[in-house]
Amino acid sequence: MKAVLAAAALALSIASSVSGCEMGCPTALAEGVLVADGENLVLESSTGQRNTVVWPSGYSVRLDGDTLVLADVFGSIKAREGDKIGVGGGVGVDGLFRACGDVWTVSPSPI
């Protein structure tokens with residue numbers, strides 16, 4: 001499932017699982033800065049590597065003023081573009097990090 005945001009010439013989408021983690025939640029941790037990368041919302045590591053995340057079911061991205069935000073299934077803002085976040089999960093057979101559980105802010109964006 002992809003949630004799509006169109007704002008002016010910007011089209012942004014995130015991948016989210018259809019039903020969450022089917023076999024429980026792996027215990028790996030992904031941390032990085034939330035950034036826009038083309039049409040995807042991704043995590044950028046401290047080394048500059050960008051990693052696509054398959055977000056939990058129901059997560060979406062939207063504009064809050066001039067800032068992109070990651071929202072959960074209830075519409076609550078979990079993180080803002082530029083925030084360093086952490087999320088549990090694990091790498092799937094497709095090589096993508098599959099998030100499950102909650103997303104938390106490690107350090108807020110200086111914006």
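This passage describes the fold, strand pairing and core of a predicted protein model.

The predicted model contains 0 helices and 10 strands, and along the sequence these elements follow the pattern β-β-β-β-β-β-β-β-β-β. Of the 111 residues in the protein, 38% are buried. Among contacts with a separation of 6 or more, 51% join residues that lie 24 or more positions apart. The mean pLDDT of the protein is 78, and 73% of the residues reach 70 or more. Residues 1–11 have a pLDDT below 50, although this stretch has 25 contacts in the model beyond near neighbours in sequence. Where pLDDT is low, the predicted coordinates should not be read in detail.

Three consecutively numbered strands were examined as a sheet. An open sheet of 3 strands is formed in the order β6-β7-β8, with antiparallel pairing. Strands β6 (60–64) and β8 (77–80) occupy the edges; each has a single partner strand, so one side of each lacks a neighbour in the sheet. On average, and with direction ignored, neighbouring strands of this sheet are turned by 35° against each other. As for β7, 4 of its 5 residues are buried, so this strand is largely enclosed by the rest of the structure.

The register of the sheet is given by individual residue pairs. Strands β6 and β7 are joined in the antiparallel sense over 5 bridges; R62 stands opposite V69 in β7, and L63 stands opposite L68 in β7. The hairpin that these two strands form has 2 residues between the strands, and G65 takes a positive phi near 70° there. On the other side of the pairing scheme, β7 and β8 are linked in the antiparallel sense over 3 bridges. Here V69 stands opposite R80 in β8, while the bridge partner of A71 in β8 is I77. V69 is thus placed opposite R62 in one pairing and opposite R80 in the other. The hairpin of β7 and β8 has 5 residues between the strands, and in this hairpin G75 adopts a positive phi near 90°.

A side-chain interaction links the two edge strands of this sheet. D64, which is found in strand β6, is partly exposed, with a relative accessible area of 34%. The side chain of D64 makes a polar contact with the side chain of R80 at 2.7 Å. These two residues are 16 residues apart along the chain, and their C-alpha atoms are separated by 8.7 Å. Outside the neighbours within four places in sequence, D64 is in contact with V69, I77 and R80. Of these contact partners, V69 and R80 also stand opposite each other in the pairing of β7 with β8, and I77 is the bridge partner of A71.

Further pairings involve strand β10. Strands β9 and β10 pair in the antiparallel sense over 7 bridges, with F97 in β10 as the bridge partner of V91. These strands form a hairpin with 5 residues between them, in whose turn G95 has a positive phi of about 85°. Strand β10 also pairs with β5, in the parallel sense and over 2 bridges; in this pairing R98 in β10 is the bridge partner of V54. Strand β10 therefore has an antiparallel pairing with β9 and a parallel pairing with β5, and strands of a sheet pair through backbone hydrogen bonds, either parallel or antiparallel.The interior was examined through the largest nonpolar core. This core has 16 residues, of which L34, W55, L70, I85 and V103 touch the most other members. Two or more residues are given to the core by each of β3 (28–37), β4 (40–44), β5 (50–55), β7 (67–71), β9 (84–91) and β10 (97–107). Strand β10 supplies the largest share, 3 residues. In soluble globular proteins, nonpolar side chains tend to be buried together. The surroundings of V103 give a detailed view of this core: with neighbours within four places in sequence left aside, V103 is in contact with W55, Y59, L70, K78, I85, G86 and V87. Among these partners, W55, L70 and I85 are themselves listed with V103 as core residues that touch the most other members.

Technical notes: Residues numbered from 1 in each chain as written. Predicted model: local features only at pLDDT ≥ 70, side-chain atom pairs only at ≥ 80, totals over all residues. Heavy atoms only, no water. Core = buried A, V, L, I, M, F, W, Y, C linked by side-chain atoms within 4.5 Å. Buried < 20%, exposed > 50% of the residue type's maximum accessible area, 1.4 Å probe, protein only. Contact = heavy atoms within 4.5 Å. Pairing = 2+ DSSP bridges. Axes fitted to C-alpha atoms, helices over the stretch in contact; angles between N-to-C directions. Polar contact = N/O pair within 3.5 Å; in protein donor to acceptor, adjacent residues only side chain to side chain. pLDDT = per-residue confidence, 0-100.
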